Number of protein chains: 2
Amino acid sequence: MSEAAQPSTSQSPVKIANLVEFIARALAALGVPPEDARVVAGLMAESDARGGDAHGVFRLPQYVKQIQGGAVNPRPNIQVIENRAGTALLDGDNALGHLVMKRAADLAIEKARQCGVGWAGTRHSNHAGPAQLYPRMAAAQDMIGMYFCVGNTNLVPPWGGIEVLLSTNPIAIAVPGSRHGAIALDMATTNTAFGKIRLKAQRGEAMPEGWMIDREGKPLTDPKRASEGFLLPIGGPKGYGLALMIGLLAGTLNGAAFGRDVIDYTVDSKTPSNTGQSIIAVDIAAFADVPAFKAKVDEVWDVMKSCPTLPGVDEVRLPGERSEQIYVERMAHGVPLNEGQRKILDELADRLGVERLG
Amino acid sequence: MSEAAQPSTSQSPVKIANLVEFIARALAALGVPPEDARVVAGLMAESDARGGDAHGVFRLPQYVKQIQGGAVNPRPNIQVIENRAGTALLDGDNALGHLVMKRAADLAIEKARQCGVGWAGTRHSNHAGPAQLYPRMAAAQDMIGMYFCVGNTNLVPPWGGIEVLLSTNPIAIAVPGSRHGAIALDMATTNTAFGKIRLKAQRGEAMPEGWMIDREGKPLTDPKRASEGFLLPIGGPKGYGLALMIGLLAGTLNGAAFGRDVIDYTVDSKTPSNTGQSIIAVDIAAFADVPAFKAKVDEVWDVMKSCPTLPGVDEVRLPGERSEQIYVERMAHGVPLNEGQRKILDELADRLGVERLG
């Protein structure tokens, strides 16, 4: 501990390969089989590489707590419990969510190759990182990917209500292009993510109106009072409706938690979360000539880019464009981690008795 | 014309059966085969019955203009041009959109019964009424339905832009329950619909901030200046991203119009619109025991309803709840039409030489 408390000597970016190795050895130390540990580590590091900083190695201490607490099973037996030509339901046996979702995405892609479309759902899964990871797997196979999941912390009341019964239930869709790569949307159904509110609190800044309301329905702008209010869904009742439908598709349909059943894994690392997710793959070849389609997607990209802009706006962006730029940059030069983040990971390494992050 | 200009003598609601008969005879007078005319009339009247007033008989004069102008083909040969076990692509041959979408929904449902999931896309289709009609067809068969379409008028720039390259591209999802019926979301990806802006203009009321901005990015609240501005997507860049992805899924994937190709059918009734839509059906039986699932959906409904509310809010509503109440009411007592609406339909009847609405 005394060692870990020292400031890290280097502030240079961490190479992706080192991040993968580090996460893999931390998980292996907890009894996760080495091949599984590498799959999860690869996806977590990809999250960091894509700029999803709050969903990558940042979550490792929490996953460790969940394995140690019993909520997450390090040696799961993931099983397909319902199976049709185009669909599958997987029981994740409380595995790390990345393992369950990787398996689900592979299955959806395989089924789409047979049937034109494949839909796989999960139950007894867990937090699986940023939503975009899984539809991007389909896009890499010349398919369109779509993903829904039930978030692991309820933060949003139904529209007009004051009890948090919904999470930020995200949706992600990836469509492969050619010259420009995939157009990939990854969005929560709320105006902001909770992480951004924490950041405002740390910086002592006020939140803009529209992020949160208090229990009287008034705008809440002091991030230190966040626990007294609720996140606002995009478009008010529309975002509520979307979050609810995603909950039904990814939770209820799969026999997973939704509504009052949702376990807040940030405070409870003992109770299995029964997280539910859904991944859909659509084979482009079932609808179109694949190269012609991808050229059309490039054209859509170019048309959006050619749009004249509002004063003060440099250019229109495509969904996933920024994430792809960060990805290229970080794959080449590594992920920047600040001193605090380094320290947390060093302490974790010491506690687990594994080599620190290189 | 002189007759039609007289105010209608009765302001009592129009029975649904009369509405169906009237629409069917108007379409038949234009050369639409009687069985096709009845399918379209039934779906248009269902739209009115469900409270989607801007998407029901209100659109009849426009459809008539499109048939007379040549954009819509009254005697189409709708064909399945791509076919896999779980997917189909339909060429609508410029038919009335309801015909194409009814066929697509039937196919998706049939394929879902075989494969667990079915996905049907359309090209050379047309405006098909309110989005919720088609996923509700799946829900009525104990399936989950999901629908995306490219709207027929571009009203939204990409986020930060000032050229309207996107429509309000809606999404609709219906999930069957038992005691409470289906939970059915039907939402545009903009904060408001253009119809509401027209209504504000008619009433001389200001629009709230958040509906529109002008070309400088400033809030636009005078509905008479609507043509100088743009609709705002829900959640800003998120709604833009969602509208874009829906355009790729329902337009580009199907070889249908999207972006600068979109024909504004409210001003051009000669050029085929090449409208694209996508309908997905998921067989609940491929994932769960159907009655148990529907009971779970009821439970979700009850949990949301049990949520304590903000000051001034009576109760939380479920997506589709209000539409279902209106449906029950209007199926029993008919659809209210005001004098102006009656007059337009009477004039149309006279022009087409068919019996007026009873």
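**Exercise 1. A helix pair in chain B**

Task: In this predicted model, at what angle do helix α2 and helix α4 of chain B pack, and which residues make the contact?

Solution: Start with the two segments, α2(B) at residues 34-49 and α4(B) at residues 97-115. Their axes lie 9 Å apart and meet at an angle of about 90°. Angles of 65 to 115 degrees count as roughly perpendicular, and α2(B) and α4(B) are therefore roughly perpendicular to each other. Next, look at the side chains you would want to display: α2(B) contributes D36(B), V39(B), V40(B), L43(B) and M44(B), while α4(B) contributes H98(B), L99(B) and K102(B). Sorting the residues of this contact by type gives five nonpolar, one polar and two charged.

**Exercise 2. Helix α2 in chain A**

Task: What span should α2(A) have, and how far apart are its end C-alpha atoms?

Solution: Let's take the helix rule and apply it. The expected span is 1.5 Å times one less than the number of residues. For the 16 residues of α2(A) this should come to 22 Å, and the end C-alpha atoms are 22 Å apart, which agrees. Just after the helix comes G51(A), with a positive phi near 90°.

Task: Which residues of α2(A) are buried, and what covers them?

Solution: The buried residues are D36(A), A37(A), V40(A), A41(A), L43(A), M44(A), A45(A), E46(A), S47(A), D48(A) and A49(A). Their cover includes α1 (16-29), α4 (97-115), α5 (133-139) and α9 (321-333) of chain A.

**Exercise 3. Domains 1 and 2 of chain A**

Task: How many residues of domain 1 of chain A are in contact with domain 2 of chain A, and which element gives the largest share?

Solution: First, set the bounds: the domain assignment gives domain 1 as 1-69 + 338-358, domain 2 as 79-189 + 235-286, and domain 3 as 191-232. The C-alpha centres of domains 1 and 2 of chain A are 25 Å apart. Across this boundary, 17 residues of domain 1 are in contact with 13 residues of domain 2. On the domain 1 side, α2 (34-49) and α3 (60-69) of chain A are the elements that give two or more residues. The largest share, seven residues, comes from α2(A). By type, the domain 1 side divides into five nonpolar, seven polar and five charged residues.

**Exercise 4. Where the chains meet**

Task: Which element gives the most to the side of chain A that touches chain B?

Solution: Begin with the totals: 63 residues of chain A are in contact with 63 residues of chain B. Elements giving two or more residues on the chain A side include β2 (87-91), β3 (117-125), α7 (237-250) and α8 (290-305). Here α7(A) gives the most, with eight residues. Finally, the chain A side divides into 39 nonpolar, 17 polar and seven charged residues.

Key:
Residues numbered from 1 in each chain as written. Chains lettered and ligands numbered in written order. Predicted model: local features only at pLDDT ≥ 70, side-chain atom pairs only at ≥ 80, totals over all residues. Domains from an automatic or database assignment. Contact = placed C-beta atoms within 7 Å. Helix = DSSP H or I, 4+ residues; strand = E, 2+ residues; numbered from the N terminus. Nonpolar A, V, L, I, M, F, W, Y, C, P; charged D, E, K, R; others polar. Axes fitted to C-alpha atoms, helices over the stretch in contact; angles between N-to-C directions. Parallel < 35°, antiparallel > 145°, perpendicular 65-115°, else oblique. Buried ≥ 20, exposed ≤ 12 C-beta atoms within 10 Å, placed from the backbone.
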